[in-house]
Amino acid sequence: QVQLVESGGGLVQPGGSLRLSCAGSGSIFSINVMGWYCQGPGKQRELVATITSGGSTRYADSVKGRFTISRDNAKNTVTLQMNSLKPEDTAVYYCGASSRAYYGGDYSWYWGQGTQVTVSS
């Protein structure tokens, strides 16, 4: 099993910044993709940003130029730097990762428990 623990959420004013972090632990041989997803009130969970072990990134159009995703492969951590935050960014943010427990094993997707981000004046 793999555990993902997020931190860094909170309340911030519009235009402000937050930094979300996620650390993976447990039966990890390697992690392929790590990413952040968000779920606003009454909405489905949707992609914010992902990053592969090789450093390739993907962003939702709504966050391009404002958010930056990065990771430390050695520490199994992923970070989301969120700048110029808007009220519409308010959501629960979930860390996700595709991990395998041994060489040649199948990858499985894991979720963290989520952290609330509220952008409000």
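A pocket is an open set of grid points with protein on both sides within 12 Å along at least five of seven lines, and its lining residues have an atom within 4 Å of a point. The model examined here is predicted. Its largest pocket is lined by 17 residues. Cys-38, Glu-46, Ser-62, Glu-88 and Asp-89 lie nearest the centre of this pocket. Two elements, E5 and E9, each give two or more residues to the lining. E5 supplies the largest share, three residues. By class, eight lining residues are nonpolar, six are charged and three are polar. The space in the largest pocket comes to about 200 Å³.

The cysteines were examined next. One disulfide was found in a search of the whole structure. Cys-22 and Cys-95 form this bond, with their sulfur atoms 2.1 Å apart. Cys-22 sits in strand E3 and Cys-95 in strand E9, so the pair ties together parts that are 73 residues apart in sequence. The torsion about the S-S bond is about -75°, so the disulfide is left-handed. Both Cys-22 and Cys-95 are buried. Cys-38, by contrast, is in no disulfide. The nearest cysteine sulfur to Cys-38 belongs to Cys-95 and is 14 Å away. Cys-38 has a relative accessible area of 11%. The cut-off for a buried residue is under 20%, so Cys-38 counts as buried.

Cys-22 also appears among the contacts of Asn-76. Asn-76 lies in the loop between E7 and E8. Asn-76 is buried, because its relative accessible area is 19% and the limit is under 20%. Leaving aside neighbours within four places in sequence, Asn-76 is in contact with Cys-22, Ala-23, Gly-24, Ile-28, Ile-31 and Met-34.

The largest nonpolar core holds 29 residues. Within this core, Trp-36, Val-48, Phe-67, Val-78, Leu-80, Met-82 and Tyr-93 touch the most other members. Several strands give two or more residues to the core. Among them are E1 (2–7), E3 (18–26), E4 (30–39) and E5 (46–52). E7 (67–72), E8 (77–82), E9 (91–100) and E11 (115–119) do so as well. Met-82 illustrates the contacts of one core residue. Residues up to four places away in sequence are not counted here. Met-82 then touches Gly-16, Ser-17, Leu-18 and Leu-20. Met-82 also touches Arg-66, Phe-67, Tyr-93 and Val-117. Of these, Phe-67 and Tyr-93 are themselves listed with the core residues that touch the most other members.

Definitions and conventions:
Residues are numbered from 1 along each chain as its sequence is written. This is a predicted model: local features need pLDDT of at least 70, side-chain atom pairs count only at pLDDT 80 or more; totals for chains, interfaces and linings use all residues. Side-chain values use heavy atoms; hydrogens and water are left out. A nonpolar core is a set of buried Ala, Val, Leu, Ile, Met, Phe, Trp, Tyr and Cys residues joined through side-chain atoms within 4.5 Å. Buried means under 20% relative accessible area, exposed over 50%, partly exposed in between (1.4 Å probe, protein chains only). Helices (H or I, at least four residues) and strands (E, at least two) are DSSP runs, numbered from the N terminus. Contact means heavy atoms within 4.5 Å. On a 1 Å grid over the protein atoms alone, a cavity is a set of points where a 1.4 Å probe fits but cannot get out, and a pocket is an open set with protein on both sides within 12 Å along at least five of seven lines; lining residues have an atom within 4 Å of a point. Grid points are joined across faces, edges and corners, and a volume is the space filled by probe spheres set on the points. Ala, Val, Leu, Ile, Met, Phe, Trp, Tyr, Cys and Pro count as nonpolar, Asp, Glu, Lys and Arg as charged, and the others, Gly among them, as polar. A disulfide is a pair of cysteine sulfur atoms within 2.5 Å.
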